[in-house]
Amino acid sequence: EAVRHKMKSEGVDEKIVSAVLDESKSMEDPKTLSEEEERIASKYRRMLKMRVPPEAVRHKMKSEGVDEKIVSAVLDESKSMEDPKTLSEEEERIASKYRRMLKMRVPPEAVRHKM
């Protein structure tokens, strides 16, 4: 919360704040998949995360006989990842500095001070 406050007081765009604090994941509606389905879906989510095109992921899932419920859950999530919440190169450059600090377990107070 302190990091959010500091970023806002510094005039950092809300899109960057959300990306740094990784709020987009918590704002998504959870899909109702069983543990087994989640295990299967995780493989394809990783593909999407590595920027494999959604149509290629869909094709791979179909060729491997993945249930349509899992296909729609994975690909619906990829559409939400393409929301305007994605950062431009400049915004990503700004946000990456703060993310690296938080990832290296720098205390949020120190990250706030650095901003």
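These legends go with a set of close-up views of one predicted model.

**View 1. How sure is the predictor?**
Let's start with confidence, since this is a predicted model. The protein averages a pLDDT of 80, and 83% of its residues score at least 70. Which helix comes out lowest, and which highest? Helix α3, residues 23-27, is at the bottom with a mean of 47, while α5 is at the top with 93. The pLDDT drops below 50 over residues 24-30. Leaving aside near neighbours in sequence, that stretch makes five contacts in the model.

**View 2. Helix α4 has a kink in it.**
Here we zoom in on α4, a helix of 15 residues. From its first C-alpha to its last, α4 reaches 20 Å, close to the 21 Å expected at 1.5 Å a residue. Where is the kink centred? Look for Ser42: the α4 kink is centred there and comes to about 25°. Now for the buried side of the story: Glu37, Ala41, Tyr44 and Leu48 are the buried residues of α4. After the helix comes Arg51, with a positive phi near 70°.

**View 3. Glu36 and Arg39 pair up along one helix.**
Still in α4, the side chains of Glu36 and Arg39 meet in a salt bridge, at 2.4 Å from N to O. These two residues sit three places apart in α4, about one turn of the helix. Here's the handy rule behind that: an α-helix has 3.6 residues a turn, so residues three or four places apart point the same way. Are the partners buried or exposed? Glu36 has a relative accessible area of 42%, so it counts as partly exposed. Arg39 is at 51%, so it counts as exposed, the cut-off being over 50%.

**View 4. Lys69 and Glu37 bridge two helices.**
This salt bridge joins the side chains of Lys69 and Glu37, with 3.5 Å from N to O. It ties together distant parts of the chain, as Lys69 belongs to helix α6 (residues 68-81) and Glu37 to helix α4, 32 residues apart. Lys69 is partly exposed, with a relative accessible area of 39%. Glu37 counts as buried because its relative accessibility is 17%, and buried means under 20%.

**View 5. Lys60 and Glu64 belong to a little network.**
How far apart are the closest N and O atoms of Lys60 and Glu64? They are 2.9 Å apart, and the two residues form a salt bridge. Both partners are partly exposed: Lys60 has 33% relative accessibility, and Glu64 has 36%. Bring in Lys43 and you have a network of salt bridges linking Lys43, Lys60 and Glu64. A search of the whole structure turns up ten salt bridges.

**View 6. The largest nonpolar core.**
What's a core doing in a protein at all? In soluble globular proteins, nonpolar side chains tend to be buried together. In this model, the largest nonpolar core has 13 residues, and Met7, Ile16, Val20, Tyr98 and Met115 touch the most other members. The elements giving two or more residues to this core are α1 (2-9), α2 (14-21) and α7. Helix α2 gives the largest share, four residues. Take Met115 as an example: leaving out residues up to four places away in sequence, it touches Val3, Lys6, Met7, Glu10 and Tyr98. There is also a second, separate core of twelve residues, which includes Ala41, Leu48, Ile70 and Val71.

**View 7. Glu91 is tucked into helix α7.**
Glu91 has its place in helix α7. With a relative accessibility of 17%, Glu91 counts as buried, because buried means under 20%. Which residues does Glu91 touch, once those up to four places away in sequence are set aside? They are Asp13, Lys15, Ile16 and Thr86.

**View 8. Two arginines with positive phi.**
Finally, a pair of loop residues. Arg51 has a positive phi of about 70° although it isn't a glycine. You'll find Arg51 in the loop between α4 (35-49) and α5 (54-63). Arg105 also isn't a glycine, and its phi is positive at about 65°. Its loop lies between α7 (89-103) and α8 (108-114). Arg51 is exposed at 76% relative accessibility, and Arg105 is exposed too, at 75%.

Conventions: Residues numbered from 1 in each chain as written. Heavy atoms only, no water. Buried < 20%, exposed > 50% of the residue type's maximum accessible area, 1.4 Å probe, protein only. Contact = heavy atoms within 4.5 Å. pLDDT = per-residue confidence, 0-100. Expected span 1.5 Å × (residues − 1). Bend = angle between axes of the 7 residues up to and from the residue. Core = buried A, V, L, I, M, F, W, Y, C linked by side-chain atoms within 4.5 Å. Salt bridge = Lys/Arg side-chain N within 4 Å of Asp/Glu carboxyl O.
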